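The following report is meant for a reader who meets this protein for the first time. It goes from the overall order of elements to the sheet, and from there to the helices and two single residues.

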Amino acid sequence: MDQNKQNPEDYGYQLFPERNSGRFKKGSVAESLFTFNHKCQVMLKVALDTSPYAKLLLSAMKQSGCTVYKERHFSCEDCDGIVSGGFDATTSQIVLCQNNIHQQAHMNRVVTHELIHSFDHCRAHVDWFDNFKHLACSEVRAANLSGDCSFSNELSRFKFGLKQHHQECVRDRALRSVLAVRKVSREEAEKAVDEVFESCFNDHEPFGRIPHSKNDAKYAYRDFQNRDRYYANL
């Protein structure tokens with residue numbers, strides 16, 4: 001498809017061909033027979049049941065009136081390139097790239113990243129398609145809070161040792177995400193990320209802190225549960 005003739009709201013769907021072509025059929029018999037899809041479904045269940053990042057986000061969304069259902073709000077699909085997942089705001093659905101996610105740790109990270117977008121979609125009037133600053137803010141938050149920029153992940157990318165490295169990692173990953181899903185120049189994307197970076201980097205909801213590790217996420221989940229109990233007794 002000629003990208004110059006695309007509706008701006010369609011840009012980014014080239015990464016998810018099953019949705020872009022209209023061939024997407026959730027829950028078909030043929031779909032369940034594919035090994036990638038079965039593995040993706042199993043890893044998704046493990047992530048939702050065991051990841052403290054995911055469990056906290058699911059609890060926070062339920063509390064906000066946006067309960068997430070596995071069968072309704074997640075879809076394992078084949079994707080183009082090396083993209084791992086995405087949030088489809090038009091359907092409030094998280095896409096998991098079954099052909100590109102092969103390890104449980106990767107699945108946990110992708111689920112967390114996309115649930116942060118879903119949480120932002122739930123709690124705020126996010127203009128995903130026409131306001132690049134809204135998109136940039138959610139990408140900053142997702143990179144900051146999902147573990148994308150944890151020390152172990154950056155070490156595996158051979159990136160470490162710089163002052164304020166976490167901030168630079170978050171900025172870089174947010175920028176790349178904006179460029180991947182929207183038809184915008186690098187200069188425009190950088191401007192949007194720069195303008196929202198400080199406020200969105202310091203917005204740690206619903207974690208209350210930056211969960212740099214699984215243990216941090218466990219503590220954040222415990223604190224969230226205690227906070228919920230405290231408000232329930234007021």
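From the N terminus on, the elements of this predicted model follow one another as α-α-α-α-α-β-β-β-α-α-α-α-α-α, and in total the protein has 11 helices and three strands. Of its 234 residues, 46% count as buried. Among the contacts between residues at least 6 apart in sequence, 63% join residues that are at least 24 apart.

**The sheet**

The three strands form an open sheet in which the order is S1-S3-S2 and the pairing is mixed. Strand S1 (74-77) and strand S2 (85-88) stand at the edges, and because each has a single partner strand, one side of each is left without a neighbour in the sheet. On average, and with direction ignored, neighbouring strands of this sheet are turned by 20° against each other. As a general point, the strands of a sheet pair through backbone hydrogen bonds, either parallel or antiparallel.

Both senses of pairing can be followed here, and the table sets out the two pairs with their bridges.

| Strand pair | Sense | Bridges |
|---|---|---|
| S1 and S3 (residues 93-97) | parallel | four bridges |
| S2 and S3 | antiparallel | four bridges |

Some individual positions show how the strands are set against each other. Cys-76 stands opposite Leu-96 in S3, while Glu-77 stands opposite Cys-97 in that strand. From the other edge strand, Gly-86 has Val-95 of S3 as its bridge partner. The hairpin of S2 and S3 has four residues between the strands, and within this hairpin Ser-92 takes a positive phi near 55°.

In a regular strand, the side chains alternate between the two faces of the sheet. With that in mind, one may ask which residues of S1 lie on one side and which on the other. Phe-74 and Cys-76 are on one side of S1 and Ser-75 and Glu-77 on the other, and all of these are buried, so both faces of the strand are covered. The faces of S2 are likewise both covered, with Gly-85 and Phe-87 buried on one side and Gly-86 and Asp-88 buried on the other.

**Helices on the sheet**

S1 and S3, which pair in the parallel sense, also share a helix as a packing partner: helix H3 (residues 35-50) packs on the sheet and touches both S1 and S3, its direction making about 145° with that of S1. Helix H6 (residues 104-123) lies across S1, S2 and S3, and runs at about 20° to S2.

**Helix against helix**

H3 also meets helix H4 (residues 52-63), and the axes of these two helices come within 6 Å and cross at roughly 70°, which means that H3 is roughly perpendicular to H4. On the side of H3, the contact is made by Ala-47, Leu-48, Asp-49 and Thr-50, and on the side of H4 by Pro-52, Ala-54, Lys-55 and Leu-58. Sorted by class, the residues of this contact are five nonpolar, one polar and two charged.

H6, in turn, packs with helix H7 (residues 132-145) at an angle of about 140°, with the axes 9 Å apart, and H6 is therefore oblique to H7. The crossing in which H6 passes H7 is right-handed. H6 contributes Thr-112, His-113, Ile-116, His-117, Phe-119, Asp-120 and Arg-123 to the contact, and H7 contributes Ser-138, Glu-139, Arg-141, Ala-142, Ala-143 and Leu-145. By class, the contact of H6 with H7 holds five nonpolar, four polar and four charged residues.

**Two single residues**

Ser-118 is found in helix H6. Is Ser-118 buried or exposed? Its relative accessible area is 9%, so Ser-118 counts as buried, the limit for that class being under 20%. When residues up to four places away in sequence are not counted, Ser-118 touches Met-61, Phe-87 and Ile-94. One of these, Phe-87, is among the buried residues of S2.

Val-83 has its place in the loop between S1 and S2. Val-83 has a relative accessible area of 18% and is therefore buried as well. Along the sequence Val-83 and Asn-100 are 17 residues apart, and in space they are 7.1 Å apart from C-alpha to C-alpha.

How values were computed:
Residues are numbered from 1 along each chain as its sequence is written. This is a predicted model: local features need pLDDT of at least 70, side-chain atom pairs count only at pLDDT 80 or more; totals for chains, interfaces and linings use all residues. Side-chain values use heavy atoms; hydrogens and water are left out. Two strands pair if DSSP finds at least two bridges between them. Axes are lines fitted to C-alpha atoms, for helices over the stretch in contact, and angles run from 0 to 180 degrees between N-to-C directions. Contact means heavy atoms within 4.5 Å. Angles under 35 degrees count as roughly parallel, over 145 as roughly antiparallel, 65 to 115 as roughly perpendicular and the rest as oblique. A crossing is left-handed if the near helix is turned anticlockwise from the far one by less than a right angle, and right-handed if clockwise. Ala, Val, Leu, Ile, Met, Phe, Trp, Tyr, Cys and Pro count as nonpolar, Asp, Glu, Lys and Arg as charged, and the others, Gly among them, as polar. Buried means under 20% relative accessible area, exposed over 50%, partly exposed in between (1.4 Å probe, protein chains only).
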